[in-house]
Amino acid sequence: MGKAEKMKKILLIALATMLLATPERIYAQTDSETVENAISGITLTVKGTKVSITGANGETMEIFNLTGVKVSSVVIDSSDKSFNLNLPKGCYILKVGKVVRKISIR
């Protein structure tokens, strides 16, 4: 393998690594937190026990406790859906499509 081929291989590996390591956009506000997946267009906003989801029509939101046990699931039947979480105090993981979010219910 020539010097030029080795350099091309190194550059391709570096480019692939940079593309895979690109973070998703995350926005934080004082009283609520929004997570948006730039690829799928799903936005998840949590304010207290109220969850708002946009861009996830036809998806299912799954709610897990921290041990990984599914405690609930909700089918999202519109492009803009809001609802209250009726869960005991604690930490939970919300998953909608490829967006995963850890929340705390106080």
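This passage walks through the fold, the nonpolar core, the salt bridges and a surface patch of a predicted model.

Start with the overall layout. The protein chain has 106 residues, and 25% of them count as buried. Its secondary structure adds up to one helix and nine strands, and reading along the sequence gives the pattern α-β-β-β-β-β-β-β-β-β. So much for the order of elements; contacts and surface come next. Among contacts in the chain with a separation of 6 or more, 40% link residues 24 or more positions apart. About 7,400 Å² of the chain is exposed, with carbon and sulfur atoms supplying 58% of that area.

On the inside, the largest nonpolar core brings together 18 residues. Val51, Ile53, Met61, Leu85, Leu94 and Val96 are the members with the most contacts inside this core. Several strands chip in: at least two core residues come from each of strand 3 (43-47), strand 4 (50-54), strand 5 (60-65), strand 8 (90-96) and strand 9 (99-105). Val51 makes a handy example of how this looks at the level of a residue. Leaving aside residues up to four places away in sequence, Val51 touches Leu44, Thr45, Val46, Met61, Lys81, Ser82, Phe83, Leu85 and Leu94. Met61, Leu85 and Leu94 in that list also appear among the core residues with the most contacts.

Turning to charged pairs, the structure holds two salt bridges. One joins Lys70 to Glu62, with the closest N and O atoms 2.9 Å apart. The two partners sit in different settings: Lys70 has a relative accessible area of 45%, so it is partly exposed, whereas Glu62 counts as buried because its relative accessibility is 19%, under the 20% cut-off. The other bridge pairs Lys81 with Asp77, and here the closest N and O atoms are 3.4 Å apart. Lys81, one of the residues touched by Val51, is partly exposed at a relative accessible area of 22%. Its partner Asp77 reaches 56% relative accessibility and therefore counts as exposed.

Finally, not every nonpolar side chain is tucked away. Met7, Ile10 and Leu11 make up a nonpolar patch on the surface, and together they have about 320 Å² of accessible area. Ile10 belongs to helix 1, which covers residues 3-20. With a relative accessibility of 53%, Ile10 counts as exposed, since the cut-off for that label is over 50%.

Methods
Residues are numbered from 1 along each chain as its sequence is written. This is a predicted model: local features need pLDDT of at least 70, side-chain atom pairs count only at pLDDT 80 or more; totals for chains, interfaces and linings use all residues. Side-chain values use heavy atoms; hydrogens and water are left out. Patches are made of residues with over 30% relative accessible area and no salt bridge: like charges are joined within 9 Å, nonpolar side chains (Val, Leu, Ile, Met, Phe, Trp, Tyr) within 5 Å. Accessible areas come from the Shrake-Rupley method with a 1.4 Å probe; for residues, only the protein chains shown count as cover. A salt bridge is a side-chain nitrogen of Lys or Arg within 4 Å of a carboxyl oxygen of Asp or Glu. Helices (H or I, at least four residues) and strands (E, at least two) are DSSP runs, numbered from the N terminus. Buried means under 20% relative accessible area, exposed over 50%, partly exposed in between (1.4 Å probe, protein chains only). Contact means heavy atoms within 4.5 Å. A nonpolar core is a set of buried Ala, Val, Leu, Ile, Met, Phe, Trp, Tyr and Cys residues joined through side-chain atoms within 4.5 Å.
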